[in-house]
Amino acid sequence: KLKLEYTDPFSSSDGVVEETPRATLGFDLRVEKPVAKYVTVGGLMSNYWVRPERTSSDGSTPSFLEPNDYALDISPFVKPRYPLKIGSKEAEAYIVIHVGGSLRVLTVSDGVFLQPKNGVFGGFNWGVAPGFQIFVTQHIGLVFEVGYAKTWIKVGTSALENTTVGQATLRFGFTFAFPE
């Protein structure tokens, strides 16, 4: 869900609009280091786009945002894990838990003359994702995760106060182990 909190410059009331974003692609880069047999810590850089639908139940959705806004989350994480062997392959089941900072590039209305303006706005994010990885060679593995992430961004223009995005996440890809 995408939630927009705004101030109506033509009345004394404020409002909240909830929209349903469409699915978009993104990518993550992570670096991690095991600190104990059952715990890994690291950093996560998540890049994605937000593409909101422009519909609401009453048909009065203000168009404060343009589609395909870029977002970047940078977060430290902790990863409780359970290492195991599947045949001769190293594997692990885990949960990634992250909290960190966020940036979002938005094109927003100025609220008075409804002129679009570009800006970079900051906020914070948190998320949780259970996952599984298996090394198919000594140094290359496959990763699969399903989770939930939430990002809050302070906009603070004359019309748009802040945005909140809650999203289901599906991650799959490769992992590379560096020799010690």
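# Salt bridges, strands and a nonpolar patch

Me: Which residue does Arg171 form a salt bridge with, and how far apart are the closest N and O atoms?
Reply: Arg171 pairs with Glu145, and their closest N and O atoms are 3.3 Å apart. This is a predicted model, and the distance is computed from it.

Me: Which strands are those two in?
Reply: Arg171 is in strand E10 (residues 160-176) and Glu145 is in strand E9, so the salt bridge ties together parts 26 residues apart in sequence.

Me: Buried or exposed, for Arg171? And Glu145?
Reply: Arg171 is buried, with a relative accessible area of 16%. Glu145 is buried as well, with a relative accessible area of 1%.

Me: What network are they part of?
Reply: Asp28, Arg30, Glu145 and Arg171 are joined into one network by salt bridges that share partners.

Me: How many salt bridges does the structure hold?
Reply: Seven. One of them is between the side chains of Glu92 and Lys79, at 2.6 Å from N to O. Glu92 lies in strand E7 and Lys79 in strand E6 (residues 69-86), so this pair ties together parts 13 residues apart in sequence. Both Glu92 and Lys79 are buried.

Me: What about Lys85, which residue does its side chain meet?
Reply: Lys85 meets Glu90 in a salt bridge of 2.7 Å, N to O. Lys85 is exposed at 53% relative accessible area, and Glu90 is partly exposed at 42%.

Me: Back up a bit. What's the overall pattern of the chain?
Reply: It reads β-β-β-β-β-β-β-β-β-β along the sequence, with ten strands and zero helices. Of the contacts with a separation of 6 or more, 57% are between residues 24 or more positions apart. Buried residues make up 37% of the 180 in the chain.

Me: What is the average pLDDT?
Reply: The chain averages 82, and 76% of the residues score at least 70. Over residues 60-64 the pLDDT is below 50, although that stretch has 14 contacts in the model beyond near neighbours in sequence. Where pLDDT is low, the predicted coordinates should not be read in detail.

Me: Moving to the surface. Which residues make the nonpolar patch?
Reply: Val35, Val41, Val78, Ile95, Ile97, Val99, Phe124, Trp126, Val128 and Tyr148 make a patch of about 810 Å². Strands E7 (89-109) and E8 are the elements that give two or more residues to it. Phe124, in strand E8, is partly exposed at 44% relative accessibility.

Me: How many aromatic pairs are there in the whole structure?
Reply: Four. In one of them, the ring centres of Trp126 and Tyr148 are 5.7 Å apart and the planes are at 50°, so the pair is tilted. Trp126 is in strand E8 and Tyr148 in strand E9 (residues 140-154), so the pair ties together parts 22 residues apart in sequence. Trp126 counts as partly exposed at 36% relative accessibility, and Tyr148 likewise at 34%.

Me: Strand E8 keeps coming up. Is Gln133 buried or exposed?
Reply: Gln133, also in strand E8, is buried at 8% relative accessibility. Leaving aside neighbours within four places in sequence, Gln133 contacts Lys79, Glu90, Ala91, Glu92, Tyr94, Leu142, Val143 and Thr175.

Me: And Asn118, buried or exposed?
Reply: Asn118 is exposed, at 68% relative accessibility. Asn118 lies in strand E8, residues 116-135. Not counting residues up to four places away in sequence, Asn118 touches Leu106 and Thr107. The C-alpha atoms of Asn118 and Leu106 are separated by 5.8 Å.

Technical notes:
Residues are numbered from 1 along each chain as its sequence is written. This is a predicted model: local features need pLDDT of at least 70, side-chain atom pairs count only at pLDDT 80 or more; totals for chains, interfaces and linings use all residues. Side-chain values use heavy atoms; hydrogens and water are left out. pLDDT is the predictor's confidence in each residue, from 0 to 100. Contact means heavy atoms within 4.5 Å. Helices (H or I, at least four residues) and strands (E, at least two) are DSSP runs, numbered from the N terminus. Buried means under 20% relative accessible area, exposed over 50%, partly exposed in between (1.4 Å probe, protein chains only). Patches are made of residues with over 30% relative accessible area and no salt bridge: like charges are joined within 9 Å, nonpolar side chains (Val, Leu, Ile, Met, Phe, Trp, Tyr) within 5 Å. Accessible areas come from the Shrake-Rupley method with a 1.4 Å probe; for residues, only the protein chains shown count as cover. A salt bridge is a side-chain nitrogen of Lys or Arg within 4 Å of a carboxyl oxygen of Asp or Glu. Rings of Phe, Tyr and Trp (its six-membered ring) pair if their centres lie within 6.5 Å; planes under 30 degrees apart count as stacked, over 60 as edge-to-face and the rest as tilted.
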